[in-house]
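Biologist: I would like to learn how to read a few features of this structure with you. Where should we begin?

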Amino acid sequence: MAVREAVRQRTAAAPAGGGKVRSHRGITPYFFLLPYVAIFATFTLLPAVYGIWISLHDWDYLLPGKPFVGLANYAALFDSASPVFDFFWQSMQATGIFTVASVPLLIVVPLGVALLLNRAFPGRTLFRAVYFAPYVLGVAVIGLLWRFLLDPNLGMVNALLGTDIPWTTGLPWAWISLVGVTVWWTLGFNAVIYLAGLQDIPRDLYDAARVDGAGRWAEFRHVTLPGLRPVLTFVVINTILASANMFGQSYLITQGAPGQETRTAIMYIAEEGLRSYRMGSAAAMSYFLTLGLLLISVIVFRLFREKDK
């Protein structure tokens with residue numbers, strides 16, 4: 001009887017303490033999120049909002065006066081009489097050329113590499129490391145390395161090939177150099193993402209496909225691609241964003257040559273803001289580019305989502 005009475009008393013007292021525990025449990029996750037939220041707000045959210053404010057001003061950080069101009073910096077991007085119109089849209093064209101040329105290769109080539117590395121063969125781990133190794137190098141290392149290798153006069157590539165191709169000073173060779181170097185440098189990252197997705201596809205699906213008489217192509221089309229659809233969504237969007245924001249390769253390898261043909265939008269925005277001291281105009285260009293990339297990302301996401309239905 002004493003035991004039952006003790007249990008009854010503990011049960012009767014439980015709601016008060018339990019309510020406090022549940023209350024603390026409801027607050028605890030927010031304490032874990034607080035450091036990230038603070039860092040995100042300080043280094044991402046506030047600078048983004050401040051950048052919008054800058055884009056509404058004629059902002060020269062060397063001068064005390066920064067007059068408010070409203071949407072004039074945005075309107076100048078569409079005014080053929082403005083001094084930034086031709087240069088901005090030429091840089092946008094260069095960005096589009098690089099994106100269109102590099103994105104398909106950075107989607108297809110890493111997928112082929114991942115399919116090969118997903119098979120069992122001697123030395124597979126070594127090959128995985130070899131393909132991923134260039135990605136760990138910084139853009140400064142990659143840019144300077146390939147600038148010397150592709151130099152039209154002293155570069156090792158022309159010396160080995162016995163040619164005098166203007167890899168960094170003529171078209172279309174400058175674009176071939178930029179796209180080729182970028183694919184070589186970054187394909188390892190996408191290949192690793194694909195490889196992780198391939199290993200998550202249940203083997204039972206492949207066994208069932210073989211029982212039904214499916215060949216290699218049928219397995220790839222009806223099992224591999226559907227299984228990789230979430231991964232493909234990430235890879236496509238991430239690759240488009242990375243290619244459209246290309247800066248270091250062009251700045252270090254071709255320096256925008258020939259002329260300004262390979263000067264990308266990010267490269268021109270940096271020059272406009274940091275070299276010409278027109279931060280308001282540069283901010284407006286960056287937000288216009290951001291909006292365009294956001295729309296493209298939404299379109300890609302919806303296309304892949306509609307295929308899931």
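Modeller: Let's begin with helices, which are DSSP runs (H or I, at least four residues), numbered from the N terminus. Leucine 33, for instance, sits in helix H1, residues 2-55. Please keep in mind that this is a predicted model: local features need pLDDT of at least 70, side-chain atom pairs count only at pLDDT 80 or more, and totals for chains, interfaces and linings use all residues. Residues are numbered from 1 along each chain as its sequence is written, and side-chain values use heavy atoms, with hydrogens and water left out.

Biologist: Why does leucine 33 count as partly exposed?

Modeller: Buried means under 20% relative accessible area and exposed means over 50%, with partly exposed in between (1.4 Å probe, protein chains only). Leucine 33 is partly exposed because its relative accessible area is 47%.

Biologist: Which residues form a nonpolar patch on the surface?

Modeller: A patch takes residues with over 30% relative accessible area and no salt bridge, and joins nonpolar side chains (Val, Leu, Ile, Met, Phe, Trp, Tyr) within 5 Å or like charges within 9 Å. A salt bridge here is a side-chain nitrogen of Lys or Arg within 4 Å of a carboxyl oxygen of Asp or Glu. Areas come from the Shrake-Rupley method with a 1.4 Å probe, and for residues only the protein chains shown count as cover. The nonpolar patch consists of Tyr30, Leu33, Tyr36, Val37, Phe40, Leu45 and Val49, together offering about 730 Å² of accessible area.

Biologist: And inside, which residues have the most contacts in the largest nonpolar core?

Modeller: A nonpolar core is a set of buried Ala, Val, Leu, Ile, Met, Phe, Trp, Tyr and Cys residues joined through side-chain atoms within 4.5 Å. The largest one has 21 residues, and Phe98, Trp146, Leu150, Leu178 and Val181 have the most contacts inside it. At least two of its residues come from each of helix H3 (85-117), helix H5 (139-149) and helix H7 (173-200). H7 gives the largest share, eight residues.

Biologist: How many aromatic pairs are there?

Modeller: Rings of Phe, Tyr and Trp (its six-membered ring) pair if their centres lie within 6.5 Å; planes under 30 degrees apart are stacked, over 60 edge-to-face, and the rest tilted. The whole structure has 17 such pairs. One of them, phenylalanine 78 with phenylalanine 288, is edge-to-face, at 5.4 Å centre to centre and 75° between the planes. Phenylalanine 78 lies in the loop between helix H2 (72-75) and H3, and phenylalanine 288 in helix H13, 210 residues apart.
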